[in-house]
2 protein chains.
Amino acid sequence: MARRKKPAAAIQSAERVLSLLDILAQEGTEMSLTQISQRLGVHISTAHRLATTAMYCGYVEQNPETDKYRLGLKCLHVANALLHQLDLRRIARPFMEKLAEESDETVNICVLDDGEVVYIDKAEGGASLRLFSRIGKRAPAHATAAGKMLLAHLALGDVEAILKEHGMPALTPQTITSFDELSAQLQEIRRLGYSMDDEECEEGARCVAAPLYDHTQRVIAALSISGPVSRFSVENLPRLISLVRECARDISQQMGYAD
Amino acid sequence: MARRKKPAAAIQSAERVLSLLDILAQEGTEMSLTQISQRLGVHISTAHRLATTAMYCGYVEQNPETDKYRLGLKCLHVANALLHQLDLRRIARPFMEKLAEESDETVNICVLDDGEVVYIDKAEGGASLRLFSRIGKRAPAHATAAGKMLLAHLALGDVEAILKEHGMPALTPQTITSFDELSAQLQEIRRLGYSMDDEECEEGARCVAAPLYDHTQRVIAALSISGPVSRFSVENLPRLISLVRECARDISQQMGYAD
DNA sequence: AAGGTAATTGCACATAGTGCAATAACACTT
DNA sequence: AAGTGTTATTGCACTATGTGCAATTACCTT
């Protein structure tokens, strides 16, 4: 779905403190009160009170050397609790590890959140590029195999809203930037039962994804397998596609999907 | 330091919404509005407004099938941003990987937050038990090698406050539960320059830790190496102690420490 | 159709949250 | 050591927001 609908009686101060966390996350470095008040659009004394309240709760901390504010470790705690609570992760884990070993590639699970794909788990094969963990990271839906798979199972109106809001930026020369071309491809993805990112997200890398269903018979996530084009060659692709589709089906069955 | 001091003008609604995240994290499963209002000590309509405000911001979501509330994926996003911003992680990473390969064990970095140790990074050797990632997890300071190392570099009053608040629960038969015994051990740790968890946190597992300093010449984190007692034998310990101390020194130098 | 339970919302009122201005803290310059 | 500038912090008065209450809505069970 596109951007979340603002509730009729949102609590302003609650919204502000969560926006403070967003801003600190987005900024990438510690921020002064002046910067915070400018970004939040509030008086500096208000920014101070928001920051000190968040500090008291552990979500923000102040660097004693520079007096600037940054995210606090409670954020890690809460995220960890979230990951721990995700049924899909727990159920999928053994299957992902098996697939990672069998394929010797990197396996990920993504969900769609606010129009972007979010990585919620990852398993690595021995020969993988050993990239940093992507868990928690976001990526544009239109340029990833998992994202295209998830878009393929949304209503057309929702797809249009997402692409209107996020755009279709080109990440590589191969990225699809035309709505019509993407629509056609989503239709093909529904027909084939798998999706592919052919150097659309990252040059030199290919990715194949299959849908994960749950007991409501709806697609809730995508399972993907990715690696360098040298190993994701035309000869090897059919095998990898087959592996990821079988694995996704096995996980879906454990999630209550009846196919 | 012990529990954070409440600011004179904390913003109640800001505090409440962050407490909501805490409660959802702590509960471990989705919660109804009734439960949320009871735990927060507010009217159910207030709980509803807090929850829908947090939903709008992405930190909470509502399960459409049960109408219950749970943590939202924005929590992952913010935590990821936090990890990405930690200088110590970025600087330490190559050293940790080298140590993990060299020792073939699990290497972690922990910091002290609100009287507990928090795992902020981890690298694994090939022979490791391949445990789930601990990043973001907390553990009692008194029962971990990293925790004892961090306690050893605090003022005695702070140590007392932390132990008074968190207690000294026995996690295994070997866990130290006497303040006097722990104090004596912290003194020994300062003298030796490393700490050890001898099946105090987890039976069958040993852990050795060394301090990480930064340019202020103070201890900001602990580097640890852990594994099963079979590999952390009396014969092998001196080697592992030496490896972790050298690695910690190298990381500390990169952090501006002059020893 | 009726009853029960929980989520949601309109409304009026009280208080919490706010901006302003003053103060405090610190670093830098002279 | 004193003065200046900048940023963080806080007391205060006012008002806009947040609140609880009660009603409504939604859904499930009998």
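These legends describe close-up views of a predicted model with two protein chains and two DNA strands. Residues are numbered from 1 along each chain as its sequence is written, while chains are lettered from A and ligands numbered from 1 in the order in which they are written. Local features need pLDDT of at least 70, side-chain atom pairs count only at pLDDT 80 or more, and totals for chains, interfaces and linings use all residues; side-chain values use heavy atoms, with hydrogens and water left out.

**View 1. The two-fold axis relates chain B to chain A.** Two copies of a chain are related by a rotation about an axis and a shift along it. Here the turn is 180° and the shift along the axis is 0.0 Å, and chain B then lies on chain A with an RMSD of 0.0 Å. That is the relation of a two-fold axis. In chain B, the C-alpha of Ala14(B) is nearest the axis, at 2.2 Å. The copies are superposed by least squares on the C-alpha atoms of residues with pLDDT of at least 70 in both.

**View 2. Chain B meets chain A.** The contact (heavy atoms within 4.5 Å) takes 58 residues from chain B and 59 residues from chain A. The chains bury about 5,200 Å² between them, 67% of it on carbon and sulfur atoms. Buried area is the accessible area (1.4 Å probe) that two parts lose on being put together, summed over both. Of the interface residues of chain B, 100% are also interface residues in chain A, so the copies meet through the same surface.

**View 3. Salt bridges and polar contacts cross the interface.** Two salt bridges join chain B and chain A. A salt bridge is a side-chain nitrogen of Lys or Arg within 4 Å of a carboxyl oxygen of Asp or Glu. Lys74(A) pairs with Asp22(B) in a salt bridge, with the closest N and O atoms 3.1 Å apart. Across the interface, 12 residue pairs are in polar contact, both residues at pLDDT 80 or more. A polar contact is a pair of N or O atoms within 3.5 Å; within protein, one must be able to donate a hydrogen and the other to accept it, and residues adjacent in sequence count only if both atoms are side-chain atoms.

**View 4. Glu30(B) sits in a loop of chain B.** The loop runs between H1 and helix H2 (33-40) of chain B. Helices (H or I, at least four residues) and strands (E, at least two) are DSSP runs, numbered from the N terminus. The side chain of Glu30(B) makes a polar contact of 2.9 Å with the side chain of Asn63(B). Another, of 2.7 Å, links the side chains of Glu30(B) and Thr66(B).

**View 5. Residues surround DNA strand D.** A residue is near a strand if one of its heavy atoms lies within 4 Å of it. Among the 20 residues around DNA strand D, Ser13(A), His48(A), Tyr69(A), Arg16(B) and Thr46(B) come nearest. A polar side-chain atom of Arg49(A) lies 3.1 Å from a base oxygen of DNA strand D. A backbone N or O atom of Leu33(A) lies 3.2 Å from a phosphate oxygen of DNA strand D.

**View 6. Residues surround DNA strand C.** Here 19 residues surround the strand, and the closest include Arg16(A) and Ser13(B). Sugar and phosphate account for 73% of the atoms of DNA strand C that come within 4 Å of the protein. A phosphate oxygen of DNA strand C is 2.4 Å from an N or O atom in the side chain of Tyr69(B).
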